[in-house]
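Dear colleague,

I am handing over the structure we spoke about, and my notes on what was found in it follow directly below. Please read them with the structure open beside you.

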Amino acid sequence: MRGRIRTVAVMLAGVLVGSLLTLAVQSSGAQLSKSSGTHRASSRAPATFLAWVPSGLPDGFALQATGLEGIVGETTVAEDNVWLRRSWSSYGAVVDAPPAPFAIPIDAIGVDPTTFVPFLPPEDRSIAASLALGEGVLGTTSAKLRGLGPGSTLEFSGGVRVRIAAVLPDQVVGASELMVSRQTGAAIGIHRDRYLLLQVSPGAGSSPGALTKRLRALLPTSLGIDRRVQVRAPGDTPYLRAGDAVMPPVLLKSLFGEFAARPVPGNPGYLQIQPSWEHTHLVTAPVPLLGQVTCNRALIPQLRGAMTELRRRGLGSLVRSYDGCFAPRFINRDPSAMISHHAWGVAIDLNAGTNVYGTPPHQDQRLVQVMQRWGFSWGGNFIVPDGNHFEYARSPIVG
């Protein structure tokens with residue numbers, strides 16, 4: 001009898017949550033339809049801006065940002081690496097099952113379904129009810145990589161399971177692999193607030209530069225070199241996410257392989273990657289100007305091409321030191337940060353002694369231009385400069 005009462009209570013709670021979120025969706029939709037009734041009204045509709053801080057959002061920052069003049073909507077997105085232990089298809093077949101003690105790192109975000117609704121395309125807003133009930137959403141690339149879809153189940157460290165309700169375009173989920181509610185996110189290991197989505201009304205103070213200045217004034221001086229905020233206006237970036245200047249992990253996985261790993265016991269800033277992945281994807285090979293390098297084998301042709309061009313043009317002296325490629329670790333060796341792209345072996349460091357992280361870069365621009373020509377992005381352009389760092393961004397444009 002008690003079991004039946006508990007079941008009915010859970011069902012009623014689900015109906016109530018779904019009804020409340022449906023009202024929220026309808027309300028936001030009604031507001032949008034009012035503002036888009038004519039071409040003139042639509043042109044003055046609030047625009048969505050992205051704002052993020054390198055080390056994650058400080059306490060109280062989002063609330064202060066919401067109080068700024070012209071901000072008419074805000075949602076805070078938490079993002080962290082979570083550990084996938086196992087997954088099952090909608091038919092119950094095991095899909096992912098890395099051997100213990102390894103697990104698959106997943107780039108996951110946690111959102112408040114109610115405040116996130118206005119930032120979704122109208123046709124996708126009904127997913128908020130599923131998020132509120134503890135279900136998850138996969139991005140398109142993530143679903144393809146996993147071979148999973150609606151009705152599948154993912155199990156994370158601690159035994160928490162998340163059923164997948166839908167697959168949405170990468171642009172909708174910020175190019176994350178998994179989107180869940182903040183409550184579900186906390187249960188699987190999503191704790192750090194990484195970025196804001198802001199709806200800004202047209203008018204004074206709504207340009208990216210003006211908004212950057214206003215938001216930076218809210219940051220505490222204790223952040224040091226991380227006391228910076230990156231603001232992106234509509235159309236500035238393909239994915240609304242923190243660290244938007246580099247390739248999202250899900251795309252790196254698609255191009256360079258997905259690994260299972262674990263934090264190194266006693267040294268959690270570093271990763272121990274499953275040996276079979278290293279054997280398949282890494283190679284130690286000679287590269288002009290650099291000598292022997294250990295990188296992802298798929299990167300070697302581009303790296304050789306860049307170094308060969310430098311040598312052919314008489315610019316070899318611009319490479320004074322090679323300071324590493326493959327390094328299985330978190331960004332800045334901080335286990336609360338995201339995984340460094342060095343862990344895939346697709347980033348290299350050059351001339352580190354004169355290009356220290358967080359200081360003005362001193363790379364010769366001829367070196368930078370050749371690297372960019374061969375498909376590498378330069379860390380000297382990052383919000384916190386990392387002048388010695390180059391990493392894969394695209395296929396080379398040569399000829």
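In the hairpin of β5 and β6, where 4 residues lie between the strands, G158 takes a positive phi near 90°. Please keep in mind here and throughout that this is a predicted model. The two strands of that hairpin, β5 (residues 153-156) and β6, run antiparallel and are joined by 3 bridges, and within this pairing E155 stands opposite R161 of β6.

Strand β6 (residues 161-168) also pairs with β4 (residues 136-139), this time in parallel, through 4 bridges. One of the residue pairs to look for there is G139, whose bridge partner in β6 is L168. As a reminder, strands of a sheet pair through backbone hydrogen bonds, and they do so either parallel or antiparallel.

Further along the chain there is an open sheet of 3 strands, arranged in the order β14-β16-β15 with antiparallel pairing. Because β14 (347-349) and β15 (376-378) stand at the edges and each has a single partner strand, one side of each is left without a neighbour in the sheet. From one strand to the next, the twist averages 25°. Between β14 and β16 (residues 389-392), which run antiparallel, there are 3 bridges, and if you would like a residue pair by which to find this pairing, I348 has F390 in β16 as its bridge partner.

The loop between β14 and α12 (365-373) contains Y357. How far is Y357 exposed? Its relative accessibility is 32%, and since partly exposed covers the range between under 20% for buried and over 50% for exposed, Y357 counts as partly exposed. Together with I225 and V356, Y357 forms a nonpolar patch on the surface, and the accessible area of these residues together comes to about 240 Å².

Lastly, I would point you to Q230, which is found in strand β9 (residues 230-232). Is Q230 buried or exposed? The relative accessibility of Q230 is 19%, and because buried means under 20%, Q230 counts as buried. Leaving aside residues up to four places away in sequence, Q230 touches L50, A51, W52, D244 and I383.

With best wishes

How values were computed. Residues numbered from 1 in each chain as written. Predicted model: local features only at pLDDT ≥ 70, side-chain atom pairs only at ≥ 80, totals over all residues. Heavy atoms only, no water. Pairing = 2+ DSSP bridges. Axes fitted to C-alpha atoms, helices over the stretch in contact; angles between N-to-C directions. Buried < 20%, exposed > 50% of the residue type's maximum accessible area, 1.4 Å probe, protein only. Contact = heavy atoms within 4.5 Å. Patch = residues over 30% accessible without salt bridge, like charges linked within 9 Å, V, L, I, M, F, W, Y side chains within 5 Å. Areas by Shrake-Rupley, 256 points an atom, 1.4 Å probe, with all protein chains shown as cover. Salt bridge = Lys/Arg side-chain N within 4 Å of Asp/Glu carboxyl O.
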